[in-house]
Structure formats: structure tokens, C-alpha cells
Amino acid sequence: MLRIALVIAVATISGVMNSIAGGGTLLTFPALVGLGIPATAANATSTVALLPASMTSMFGYREELEGLLPWAGVFALPSILGGAVGALLLSRTPPERFALLVPWLVLGATALFVVQEPAMRAIRVRRPDRRAVSDEVRTATLPSVAILLYQFLVSVYGGYFGAGAGILMLAALGLMGLTNIHRMNGLKNWGGLCMNAVAALMFGFSRLVNWPVALTMAAGAMVGGYVGSRAAQRVGQRALRLAIIVIGLGSGIAMLVGEFQR
């Protein structure tokens, strides 16, 4: 019962973090590996478990996405295609090879999480000519081919591993000139939902998912996704961010040492 409670708590916090900025996989993945689930199965299980959080988070951000249907529709295509490619790559990666990659993926995603906050601050510092254009005007035109290609590559990574994909999407949206963090989070969650949905669907037909654990975590993730989307600007995030960074670094280094000792 204690392990179940801890798994639900981790999934809830991960749902909150994915809703706000991303990085939730840095909690769920080490937790699942700690339960004794192999790395490849842990990654697939985490993707399936956090999918409901993307849905409830999208519901929480629904007001911010009003008027963005054409833009979001085009944005969905590279997200779906990239998520499918990433999931296919994971299913074709031998477990022992993925186990060698995992420490570097975790450490790389943690590094992204570390730089996310200062990077977003830098992105918000706009030239005067950019401040004059509202987010509504910028999203009235469809995203450029370069942005769509970038989103495809991010989605390939998201379907394959996922931790830090939301941070990469926020950076791209900021570089496009968007300044409303709520609208950016809504679009980021929409892209994450598309890539994770197709990846979760593909994992669901494989033998990688630990379904009892995934369904247990999904309950907590749904709550966390909605709460995070509604309280994103009301909850102090510094301590939570620090805890995630410590967990990410600690788990990545521990996995790396474990691989060297084999």
C-alpha cells in the first residue's frame, strides 16, 4: 500500500509539472525503475500513465486556446508523426542498448530543466518592435515550416523518451515571439498531448507497458494535470523545481555508476 501511495503521489506531482513547464518524466521514470521495472518498459509505462494528465491539463487551459484551432490543427501534424517515429524507435531499441542510453537521457533532460527558467526569462526580453505585436496577431497566421520541422524533431524525442520535450516546445514558442506564458503552455500541452497520444497508442499494442502500474499512476496524473493548469501562477515552484533537479541528477548519476559497475 505504501508503494502504491508513493507511485500515485509521484504521478500527481509529475502531472502538475508537465502542465506548468514539463519535466514530470524526471520523477516518474526513476520511480518506475526503482520499482524494478526494466528501463524500456518504465519509459513506455510512464508515457501511458501521464497521457491522462495531458488531457486534463488541456481542459484546464481551454480558455487560453480560444481562436487557435487552425494554428493548433497544423501544429498537431508534426507532433503526431514525430511521436509515432519516436515510439517506433523505442520499440525497436534493444533493452540493453536503451539501458546504456538512459543515464545520458536523464542527465540531458535534467540539464534542459535547469536552463528552462533562465532561458524563458531571456526569451521574454523582447525588442521594442516585437512587444507591439500581440500573441493573438502572431498566432493568426500558421506556423512556419521551420517551426513545424522543429516540432517534428522534438516530438521524435518526446515519443522516444519525453523528459524535457515540453521545455523544448516552450523555447520554440518563445522564439516565435509569443509572450503570454499561459497561451504558450496551452499550445505546449496540446503538442505534448498529440505526440504522447500516438506514442501511448503504439506502446499499448506492445508488451512494454506495465498496465497495473500505469493505470494506478494515471489516476494521480489526471488530478495533477488539472490542478497544475489551474494554479500554475499561484503556487510557488522553486522548491519543487529544486527537488526535481536533485532527483534527476541523482538518478542519472546513480544509473551511470551502475552501468560502469557492470
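## A helical chain, from Thr-40 to a surface patch

Thr-40 lies in helix α3, which covers residues 39-60. Helices here are DSSP runs of H or I with at least four residues, strands are runs of E with at least two, and both are numbered from the N terminus. This is a predicted model, with local features needing pLDDT of at least 70 and side-chain atom pairs counting only at pLDDT 80 or more, while totals for chains, interfaces and linings use all residues. Residues are numbered from 1 along each chain as its sequence is written, and side-chain values use heavy atoms, with hydrogens and water left out.

Leaving aside residues up to four places away in sequence, Thr-40 touches Leu-90, Pro-95, Phe-98 and Leu-208; a contact means heavy atoms within 4.5 Å. Ser-57 is also found in α3. Its C-alpha sits 4.7 Å from that of Tyr-226, though 169 residues separate the two along the chain.

How do three residues compare on relative accessible area? Buried means under 20%, exposed over 50%, and partly exposed in between (1.4 Å probe, protein chains only).

| Residue | Helix | Relative accessible area | Class |
|---|---|---|---|
| Thr-40 | α3 | 6% | buried |
| Ser-57 | α3 | 2% | buried |
| Val-227 | α11 | 43% | partly exposed |

Val-227 belongs to a nonpolar surface patch with Phe-59, Val-223 and Tyr-226, and together they have about 350 Å² of accessible area. Helix α11 (residues 211-230) gives the largest share of that patch, 3 residues. Patch members need over 30% relative accessible area and no salt bridge; nonpolar side chains (Val, Leu, Ile, Met, Phe, Trp, Tyr) are joined within 5 Å, like charges within 9 Å. A salt bridge is a side-chain nitrogen of Lys or Arg within 4 Å of a carboxyl oxygen of Asp or Glu. Areas come from Shrake-Rupley with a 1.4 Å probe, and for residues only the protein chains shown count as cover.

Then there's α4 (residues 69-92): its 24 residues reach 34 Å from first C-alpha to last, close to the 34 Å expected at 1.5 Å a residue, where the expected span is 1.5 Å times one less than the number of residues. Its buried residues include Trp-71, Phe-75, Gly-82, Gly-86 and Leu-90.

Zooming out, the chain has 12 helices and 0 strands, and 53% of its 262 residues are buried. Of contacts between residues at least 6 apart in sequence, 85% join residues at least 24 apart.

As for pLDDT, the predictor's confidence in each residue from 0 to 100, the chain mean is 77, and 77% of residues reach 70 or more. Confidence is highest in α4, at a mean of 90, and lowest in α6 (residues 128-131), at 48.
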